[in-house]
Amino acid sequence: MKKYFVLLLLISCFKFGFSQYFQTGQDPASIKWSQINTPNFQIIYPKEFENKAQHMAHMLEKIYQYGGQTLKFKPKKISVILHTRTVKSNGLVALAPRRMELYTTPHQSIYPQDWLEQLVIHEFRHVVQVDKINDSMPGIIHLLLGQQGSALITGLFMPFWLLEGDAVITETALSNFGRGRLPSFLMEHKAQISEQGVYSLNKAYHGSYNDFVPNHYKLGYYLAGEIRSKYGSPVWEKYTKNVGKNPFSLIPGGQALKKETSFTINKLYHQVFDSLKTNWNNSAFNYDSARVKIITKPSKIVTNYNYNFFNNGEIISLKSAFNSIPQFVSINSDGNERKIYTPGSIFNESAGFTSNLLIWSEQIPDPRWSHSGKSVINILNIENKQLKKFHSEYKCFSPSISPDKQNVAVVETDFLNNYYLSVYSITTGKKIAGFQTAENNYFFTPKWIDNNNLVAVILTDEGKLLATINPFEEKNHLITETSMGEVKHPVVVGNRIYFISGYSGKNDLYVLNQEDNSVFRIFESRFGVEYPAISDDEKTIYLSDYTSTGFRTIKINNKPDLWIPFNKVIKGEFPLAEKLAAQEPEIQKITTSDTAQYESRKYNKLGHLFHFHSWNPMYFNVNSYDIKPGISFLSQNKLGTTQTTFGYKWDLSEKTGSFFTNFTYSGWYPIFNLEFNYGKRGSDYMLVQNYVNENNEITRSDTISKHYTYNETTLDLNIHIPFNLSSGKFSRLIRPEIAYGLKSISHTPSTPEDFYKGNLQSLTYRLYFHQLLRQSPQDLLPDFGIAADILYRHSPINKTDLGSLTSLQIINYLPGVLPNHGIRIYNGFQTKEFGEYQIFSDGIRYPRGWSKIQTDEMYSFSASYVLPLLYPDLSLGALTYIKRLKASLFYDYAYQKGNIYQHHEIVGRFARNIATIGAEITSDLNFLRFYAPVEMGFRAGYMPEAKTMHYGFLFSIDFTSF
């Protein structure tokens with residue numbers, strides 16, 4: 001019984017995060033949906049994506065035979081939703097409701113394998129992982145929670161490094177590619193451990209605000225991969241099974257791991273990375289430092305310089321750092337920098353420069369639909385700072401300006417995953433050419449050779465190859481016919497093509513002579529280089545050189561006598577990848593030429609509004625964090641347009657119960673939310689009880705508390721439209737909203753006669769807006785921004801006058817004295833008009849520590865200065881990892897006016913000033929190696945008018961980190 005109590009406690013702690021995490025957004029309402037049902041998958045997709053959906057159906061069925069063998073499990077049938085309109089490139093497996101979501105647009109940093117194939121292998125492994133846990137779980141969890149049981153147990157006991165690391169292992173072991181054979185994926189740990197040493201497991205998993213830490217995909221590949229290569233594939237099969245089988249244990253996975261290996265995960269982590277450190281230190285990551293001049297100045301802050309372009313003796317680069325948002329800078333030969341421009345969200349590998357024109361492709365979200373968006377091409381004249389923008393027809397990446405500055409070449413993907421090398425006119429912004437290969441090959445980073453021809457990297461069955469393309473005449477020619485590893489960043493100078501290749505196991509600089517197709521390695525990196533910039537005379541080369549603190553810019557002299565012929569370069573080996581592949585069945589190519597068609601049919605959105613997947617033995621309100629006894633049933637349809645919760649709740653304090661329903665529909669442009677409650681409410685009132693004698697004389701009087709109930713029905717309808725107008729360096733949101741509220745009250749036999757009965761109705765009009773500057777990892781607040789919230793609430797519908805409430809709130813953000821310090825200034829104004837009844841609560845903030853009183857006018861002001869104190873990266877065993885300590889100094893003030901009442905009559909007016917001055921000290925930390933970070937601390941404030949201190953404990957969990 002104690003075990004079940006612990007389970008319910010864990011549910012109450014983590015339910016809120018899981019319920020929010022699995023909502024990913026909506027696709028445009030105009031999409032017509034179709035579905036294909038195979039033996040093991042239901043593929044739901046836009047109707048026009050039919051051909052690709054058929055292809056993916058065959059791939060999914062193929063990977064089903066192999067993707068779960070090392071976990072000894074084949075999952076049950078699952079729905080796969082394809083998002084084809086979004087500019088995002090991603091995939092995920094959600095657990096409640098259970099489904100796979102795939103974003104079909106490839107990005108410019110994919111490894112040499114078809115994007116859809118990558119998605120299918122990686123995400124299917126996640127299906128196997130969580131279904132194996134679900135299949136092993138005790139029946140009581142299924143009975144109590146439904147599909148949320150899998151989400152809860154997976155979230156609690158399966159670390160993200162294992163989930164993602166195991167999936168990266170699978171994509172690597174079941175193909176000839178995968179990130180386990182990608183030098184840029186592997187180099188970060190090599191640099192960190194060679195230069196900084198082995199971090200603690202907590203730091204390696206949870207990251208740092210002070211040092212760069214490779215993400216959990218990379219940690220997981222090395223850690224899970226090395227453990228599996230040593231102890232065999234059953235080690236993670238048993239770990240996963242034990243997590244599902246013994247969820248009431250504190251460390252079910254750890255128990256299984258220690259049984260198989262005799263070590264804890266902390267010991268294994270240090271064994272793995274201490275061994276790698278020895279191997280890597282012996283591998284001599286040295287390079288010819290005599291040829292290297294470091295251009296960018298060293299920094300104590302993690303800083304990256306990506307994209308390098310020559311400009312009048314200086315280098316233009318995109319600088320990003322832990323303490324500042326990305327910006328284009330110009331760097332002279334002494335390393336001095338000047339800011340050029342702060343862009344928005346740039347797509348991977350999507351910046352270029354020609355003469356004085358800087359160009360990049362930026363992601364712009366759709367104003368309403370999360371699973372949509374567009375690309376905007378930005379062209380900045382760095383001399384006169386004029387900025388020109390135009391939109392491509394479809395999603396586009398990696399723009400390149402022609403030598404005559406008339407046209408822009410881009411890699412473009414339409415809604416059907418047709419891949420083009422397209423050309424747009426700079427003058428008109430119109431498309432003038434679009435080239436697609438017969439095999440629909442994907443293109444990378446095109447660069448102009450002259451005004452008609454380009455060189456680009458092209459993805460083929462052999463890997464990434466170099467090709468020349470004339471999009472106007474629709475011609476292409478493969479320059480290389482065999483793979484040279486991960487090929488990227490071509491730069492054309494004269495008859496030579498300079499490029500980066502991972503052939504040696506590191507990203508080095510190579511050159512290809514177009515006259516005879518001879519290839520040489522020009523420069524061997526220590527860990528990896530990117531983004532070559534070549535002078536016109538080809539004597540000087542700038543590169544982004546990777547270190548443990550980020551990419552720095554270096555300069556090398558181009559000396560042909562030091563060039564090494566390609567056939568003399570030793571091909572890189574990936575021993576871990578090969579060991580893992582040997583544990584799998586023979587590598588199978590999951591792309592298929594099978595032309596058999598599965599039956600497809602319409603997927604009716606109206607007929608699939610409800611999909612009940614989970615239930616809870618209690619009541620939750622995710623907005624108020626209210627928990628009550630009861631039962632809840634949860635529904636979310638597979639397209640994410642409808643969420644429904646209904647059930648029964650019992651209020652322990654009032655000793656009453658009620659039925660509730662909450663329904664949200666997001667499939668149209670406005671979002672509709674309907675909340676309905678029906679049942680009893682309860683309260684107490686004080687009653688004078690007289691006791692009389694036989695002469696009817698009062699002998700004693702007592703004041704007693706008497707409990708009463710009343711019937712209450714509430715209906716709340718909210719309609720709002722979240723307009724996401726983000727662009728450039730600012731996040732922008734406008735949200736108009738209208739809401740109707742109804743409260744109907746009737747009496748029960750115990751209800752006092754003078755207690756109100758009837759209907760109370762209200763209307764609310766609200767407009768919210770914010771414009772906030774993007775934040776760097778170390779920023780606590782935006783450096784600049786404003787948020788405004790206007791609200792008016794009244795009751796015009798029936799005779800019952802509830803008065804009105806008008807409020808305005810404005811928050812301004814300003815930079816502090818030092819980087820990453822921030823100032824937040826709050827102003828709130830509010831007026832109330834009282835009617836026969838007044839039920840409207842305050843719409844603006846109170847000074848911290850003060851209790852609320854009834855006012856009809858109030859002005860509220862608050863100023864906070866927020867600053868980081870320390871980045872300790874402190875581990876207290878497996879219990880706690882503290883990443884950051886921070887402080888907030890605040891001053892709160894309010895001026896209030898209102899009526900003075902006596903016996904329900906107004907006898908005067910009052911006006912008062914109240915204030916609080918104080919500080920908050922909080923820490924960002926992780927408990928028990930759980931991935932979601934916690935903010936915890938305390939508040940102390942002095943209230944001068946009350947001449948007293950106010951203290952408070954602060955605690956919150958950020959589940960958005962998932």
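The following paragraphs describe charged side chains in a predicted model, beginning with salt bridges and ending with a surface patch.

Across the whole structure, a search identifies 39 salt bridges. In one of them, the side chains of Lys 464 and Glu 486 meet with an N to O distance of 2.9 Å. This pair links distant parts of the chain, since Lys 464 belongs to strand E21 (residues 463–470) and Glu 486 to the loop between strand E22 (475–478) and strand E23 (487–493), with the two positions 22 residues apart in numbering. Both Glu 486 and Lys 464 are buried.

A salt bridge is also formed by Arg 909 and Asp 856, whose closest N and O atoms are 2.5 Å apart. Here, too, distant parts of the chain are linked: Arg 909 lies in strand E47 (residues 905–927), whereas Asp 856 lies in the loop between strand E43 (822–833) and strand E44 (857–870), 53 residues apart. Asp 856 counts as buried because its relative accessibility is 10%, while Arg 909, with a relative accessible area of 43%, is partly exposed.

Glu 473 and Lys 475 form a further salt bridge, in which the closest N and O atoms are 3.4 Å apart. In addition, a network of salt bridges links Lys 506, Asp 508, Arg 521 and Glu 524.

Turning to the surface, Lys 32, Lys 47, Lys 602 and Lys 605 form a positive patch. Of these residues, Lys 47 is located in the loop between strand E2 (41–46) and helix H2 (50–64), and Lys 47 counts as exposed because its relative accessibility is 56%, above the 50% cut-off for that class.

Definitions and conventions
Residues numbered from 1 in each chain as written. Predicted model: local features only at pLDDT ≥ 70, side-chain atom pairs only at ≥ 80, totals over all residues. Heavy atoms only, no water. Patch = residues over 30% accessible without salt bridge, like charges linked within 9 Å, V, L, I, M, F, W, Y side chains within 5 Å. Areas by Shrake-Rupley, 256 points an atom, 1.4 Å probe, with all protein chains shown as cover. Salt bridge = Lys/Arg side-chain N within 4 Å of Asp/Glu carboxyl O. Lys, Arg positive; Asp, Glu negative; His and termini not counted. Charge placed at Lys NZ, Arg CZ, Asp CG, Glu CD. Helix = DSSP H or I, 4+ residues; strand = E, 2+ residues; numbered from the N terminus. Buried < 20%, exposed > 50% of the residue type's maximum accessible area, 1.4 Å probe, protein only.
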